[in-house]
Amino acid sequence: MFLDRQFDFHTISTNGLTIKTIGLDCMEWIPTIAEGSGSVYLRIVDALSADIASGRLARGEQLPTHRALARALGIDLTTVTRAYGEARRRGLIDARVGHGTFVSETTARVAANIHYPVKVDLSMNVPPHPVEANLEGRIAQGLALIQSESSFTALLNYQRPGGSDEERTIAANWLRPRAPALAERLIIYPGTQAALFNTLLALTSPGDVVLTEALTFPGIKAAAAKLRVCLVGVAMDGEGLDPDALKAACKQHKPKAVYLIPTLHNPTTITLGAERRKAVANIIRHTGTILIEDDAYGLLEPSASPIANLIPELSYLAVSLSKSIAPALRVSYLLVPDAASDQVMRNNLQATMQMPPPLMVALATNWLRSGTADQIITAIRIEATGRQQLAARILKGLPFVGNPGAHHLWLSLHGEWTRSDFISHLLLDGLAVVGSEAFAVDGTAPHAVRVALGAARNRAELSQALYVLAAALKSTARAVQIV
């Protein structure tokens, strides 16, 4: 099993981890315990959390042993043990057998619903949560500010579908460096999946054709199937969508819309170049169709300007916080081409989901206005880049495609492996990835899997997973078959 494998953490520590060692008699960190009537162990945890948030404690920094901290604070050993246990439960620290206790690289915890025998799930494409992002602390601070300014009660009732004028204005101002956003053309949705479903609902009827890349986001496949819309995949090459193939498909199928992920494409990680973006925009303009652009990853690669900027009058641009901050926020912004589209989309939102979650929208709006969102996104982008660099070192020489800022990589399999055999083999080692068939539009899937780097709790766990992945790729299917 995966967790039974032994790895040299001294070696792993050179792959992006920063570990500050201290002697047992050298106390580099002593918490300042706040006065109060609460339990001492919880006050130690609160002090630890505050010192991480302030930068006094850095990621990977080694903490005192239980006994040394108890001696320094003049308290019993059981209290410190209980405090460290609670800190681990909250994802603040990690214990490494034979090495000590360290400040965690991330605040992510082990998923409670992870399926046996999976120990590390690299199938879900989620952003990492480095300590620098301080999500838990910023959520608490943001909610406290909302409560002090307007109270939660105001947010516990029905709200205007698509967001208030103030929320839309703040979002439009924040998005303007990326796209020419106008508040009256911006609708706030409870996640991009809802925005995509409602856009298809507005633009298509059962039996209509929508073009997309030959490999695409499974969510658009699910939405199209539910609405009985026919998706047709367009050929891709090493640079992304092939404009000539798109032009031919538009001529043949007369699509109602073209759905694309041109930036950090899911699953291939490809970012479409500027010239191809211009070519795609010209094809959409000349064929009289509509662009649905999924900019889920655009905030992680801000230099790539959306195609929608070239044809705003023919575009629906969905910008999500799910991949740049956290999926559970359920806040996405949809830019629509005109006033009539705005009204249609608001009506569809009200009919299908009523409104986005008011408390989450208030929190996101607070973060946009204060600059907190940009700070979180920057921390996550830096961590994503670090994980891509880690993968490049461990998987060097193997056939994969990655991209700085992406939360995933695209891994090709050699001829002796089938996708199902390779995925099953990894599961025996407790590692989960996703096969290419999940993304294929026409059922013809390449010999590849997607590996989600952000899903690992920290770089040490990701390193272990990648070493398992590399070992499997270097082995032969025949050699690992069970007889």
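Start by selecting helix α9, residues 243–253: this helix lies across β5 (209–213), β6 and β9 (257–260), and runs at about 170° to β5. Helices (H or I, at least four residues) and strands (E, at least two) are DSSP runs, numbered from the N terminus. Angles run from 0 to 180 degrees between N-to-C directions, with axes fitted to C-alpha atoms, for helices over the stretch in contact. Contact means heavy atoms within 4.5 Å.

A word before moving on: this is a predicted model, in which local features need pLDDT of at least 70 and side-chain atom pairs count only at pLDDT 80 or more, while totals for chains, interfaces and linings use all residues. Residues are numbered from 1 along each chain as its sequence is written, and side-chain values use heavy atoms, leaving out hydrogens and water.

Now show the strands. An open sheet of seven strands, with mixed pairing, follows the order β4-β12-β11-β10-β9-β5-β6. At its edges are β4 (186–189) and β6 (230–234), each pairing on one side only. From one strand to the next, the twist averages 20°. Two strands pair if DSSP finds at least two bridges between them.

Zoom in on β10 (residues 291–294) and β11 (residues 315–320), which pair in the parallel sense over four bridges. Pick Ile292, and you will find its bridge partner in β11, Tyr316.

Next, select Asn403, in the loop between β13 (400–401) and β14 (408–412). Is Asn403 buried or exposed? Asn403 counts as buried because its relative accessibility is 15%; buried means under 20% relative accessible area, exposed over 50%, and partly exposed in between (1.4 Å probe, protein chains only). Leaving aside residues up to four places away in sequence, Asn403 touches Leu264, Thr269, Thr271, Glu301 and Gln388.

Last stop: the empty spaces. Searching the whole structure finds two cavities of 30 Å³ or more. A cavity is a set of points on a 1 Å grid over the protein atoms alone where a 1.4 Å probe fits but cannot get out; lining residues have an atom within 4 Å of a point. Grid points are joined across faces, edges and corners, and a volume is the space filled by probe spheres set on the points.

The largest cavity has a volume of about 60 Å³. To frame it, select its lining, including Glu213, Met236, His265 and Thr271.

The second largest cavity holds about 50 Å³. Among the residues lining this second cavity are Gln159, Arg160, Glu167 and Val361.

How values were computed
1 Å grid on protein atoms, 1.4 Å probe; cavity = no way out; pocket = protein on both sides within 12 Å on 5 of 7 lines; lining within 4 Å.
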